[in-house]
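Thanks for asking me to look this one over with you. Please open the sequence and the structure side by side, and then read the points below at your own pace.

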Amino acid sequence: MNGRQLVLNKNAAVRFQRTNRIITRVLVQAPVRGGSLRITSWAREENGSLVDALAPLANGGDLIVSDKTTLGRFTSAGLLVDDEHLSVPVRIECPFEETYLDCEAPSALDEAWRLNPTVRFPLKERTREGLARVIPSQESESYRGLALARSTVPLPPGVSWVWFEGAATGWLSGYSVASEIADQLQGLSEQSTDLPLNLHPAAQAGLLVHDGAYAERRARLESEQESVAEVFERNRYARIPRLLEKPLADALKLYYRALVNEGYCHRGDNQVANRFTLHNEPFAILLHEALTPIAARLARQALKPSYVYFASYFDEAALEPHVDRAQCEVSMSLLIDYKPLAERALSPWPLIVKRPEPDAPEMFVNLSPGDAVAYRGCELLHYRPALPAGHTSTSLFLHWVPAAFEGPLD
Ligand SMILES: [Fe+2]
């Protein structure tokens with residue numbers, strides 16, 4: 001006995017492929033806390049005894065392992081883990097009621113107050129196809145174990161999400177909202193003056209706006225966006241300070257830290273070994289959609305999202321000079337987290353961009369969490385030097401293509 005109590009990893013997704021009702025292959029995706037997502041595939045042809053050992057799981061039975069070799073294979077696949085390596089579910093939370101708890105309520109909610117006209121409820125407005133992109137159907141094949149956190153929208157039960165643009169200092173705000181509050185907000189007509197008291201923090205958050213102040217803020221935001229669009233047109237890249245409102249930026253920092261720490265990410269990819277990654281992570285898909293009108297305004301063209309990539313760099317990772325593929329006609333690199341970094345400081349690890357003209361200079365772009373840089377990745381060479389020792393840097397890369405683009409989006 002080595003003293004380690006092994007349990008079935010309840011976060012693992014186990015998929016059974018069958019031919020003529022016979023299980024021919026078993027695919028396992030298992031997050032391992034403190035490590036990374038392990039992906040293993042066993043075919044009956046090579047590993048018949050492992051496939052047979054897993055078969056009871058397909059019918060809701062227990063996994064019974066009687067020999068050491070099988071135990072070893074299931075442990076290295078992350079299917080069996082000890083307590084220390086069992087991941088906890090990761091959820092994103094950003095309740096506006098808590099952020100603005102200490103704020104004074106507006107003096108009166110008169111007829112000049114209304115729902116911010118840019119408010120969107122991404123989960124309520126989704127089409128069937130759109131929802132399927134975030135929550136893959138599991139009906140077609142048999143699965144055992146809970147779906148991975150990355151295959152469902154990671155909000156706590158009974159909680160929905162709201163996006164809106166430019167009500168305070170950032171360009172995009174997002175909050176988690178109890179579903180009944182979301183219903184109340186959605187039901188507000190422009191003339192409504194009968195607002196429940198618990199919606200006062202909504203006014204502070206910018207979900208409810210006061211006509212005069214909102215018009216002023218909106219005009220300021222539009223001129224800010226216009227200046228960035230001009231820079232983007234001239235240089236094919238532009239910094240976007242405060243793309244995200246601070247509460248949203250803070251919530252994303254905690255959420256993605258937890259996804260990495262709980263082992264839900266892949267370790268390395270074919271471009272960089274020392275980074276944790278996720279392709280089209282469900283919450284990032286929602287953010288990507290919310291940023292699409294902003295990206296289109298900056299690029300002055302109709303765009304649609306292609307894919308979004310999460311990467312958290314560690315151990316002196318570097319990014320070799322490259323241009324991107326066609327799916328990245330307009331891109332944003334959004335800084336989520338950098339450690340160590342003082343509050344409001346710029347990250348010391350630049351993204352370096354270089355226009356294709358022969359004598360174009362290298363331009364160094366440094367960001368704070370919540371800031372982004374937009375760039376035409378297919379045209380501009382871009383790269384990063386080695387990350388300073390002991391530092392980590394976490395970003396989302398959001399990519400768009402022209403609305404008429406017909407190629408694959410992934
Ligand atoms: Fe790139």
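The numbered points below go from the whole chain to its sheets, helices and hairpins.

1. **The whole chain.** Please keep in mind that this is a predicted model. The protein chain contains nine helices and 21 strands. Of its 410 residues, 38% are buried. If you take the contacts between residues at least 6 apart in sequence, 76% of them join residues at least 24 apart.

2. **The seven-stranded sheet.** A good place to begin is the open sheet of seven strands, whose order is 11-19-16-21-14-13-12 with antiparallel pairing. Its edges are strand 11 (237-240) and strand 12 (266-267), each of which pairs on one side only.

3. **A pair inside that sheet.** Have a look at strand 14 (residues 303-313) and strand 21 (residues 392-402), which are joined by nine bridges in the antiparallel sense. To find the register by eye, start from Y313, whose bridge partner in strand 21 is S393. While tracing these strands, it helps to recall that side chains in a regular strand alternate between the two faces of the sheet.

4. **Helix 8.** Which strands does helix 8 lie across? Helix 8 (residues 246-261) crosses strand 13 (275-279), strand 14, strand 16 (330-339) and strand 21. Relative to strand 16, helix 8 runs at about 80°.

5. **Helix 9 on the sheet.** Helix 9 (residues 282-299) also packs on the sheet, where it touches strand 14, strand 16, strand 19 (372-375) and strand 21. The direction of helix 9 makes about 120° with that of strand 14. Among the buried residues of helix 9 are F283, L286, L287, H288, E289, L291, I294 and L298.

6. **The shape of helix 9.** Where does helix 9 bend? The bend, of about 40°, is at T292, and the proline P293 follows within four residues. From first C-alpha to last, the 18 residues of helix 9 reach 25 Å, which is close to the 26 Å expected at 1.5 Å a residue. Just after helix 9 comes R300, which takes a positive phi of about 55°.

7. **The four-stranded sheet.** A separate entry for your list is an open sheet of four strands in the order 15-20-17-18, with antiparallel pairing. Strand 15 (319-322) and strand 18 (362-365) are at its edges with a single partner strand each, so one side of each has no neighbour in the sheet. From one strand to the next, the twist averages 20°. Strand 17 (residues 351-354) and strand 20 (residues 381-384) are antiparallel and share three bridges, and V353 has H382 in strand 20 as its bridge partner.

8. **The hairpin of strands 2 and 3.** Towards the start of the sequence you can pick out strand 2 (residues 13-19) and strand 3 (residues 22-31), an antiparallel pair with seven bridges. F16 has V26 in strand 3 as its bridge partner. Two residues lie between the strands of this hairpin, and N20 takes a positive phi near 50°.

9. **The hairpin of strands 8 and 9.** Strand 8 (residues 159-165) runs antiparallel to strand 9, with seven bridges joining them, and F164 stands opposite S173 in strand 9. This hairpin has six residues between its strands, and G166 takes a positive phi near 50°. Why is strand 9 (residues 172-178) described as largely enclosed by the rest of the structure? Because six of the seven residues of strand 9 are buried.

Terms used
Residues numbered from 1 in each chain as written. Predicted model: local features only at pLDDT ≥ 70, side-chain atom pairs only at ≥ 80, totals over all residues. Pairing = 2+ DSSP bridges. Contact = placed C-beta atoms within 7 Å. Axes fitted to C-alpha atoms, helices over the stretch in contact; angles between N-to-C directions. Expected span 1.5 Å × (residues − 1). Bend = angle between axes of the 7 residues up to and from the residue. Buried ≥ 20, exposed ≤ 12 C-beta atoms within 10 Å, placed from the backbone.
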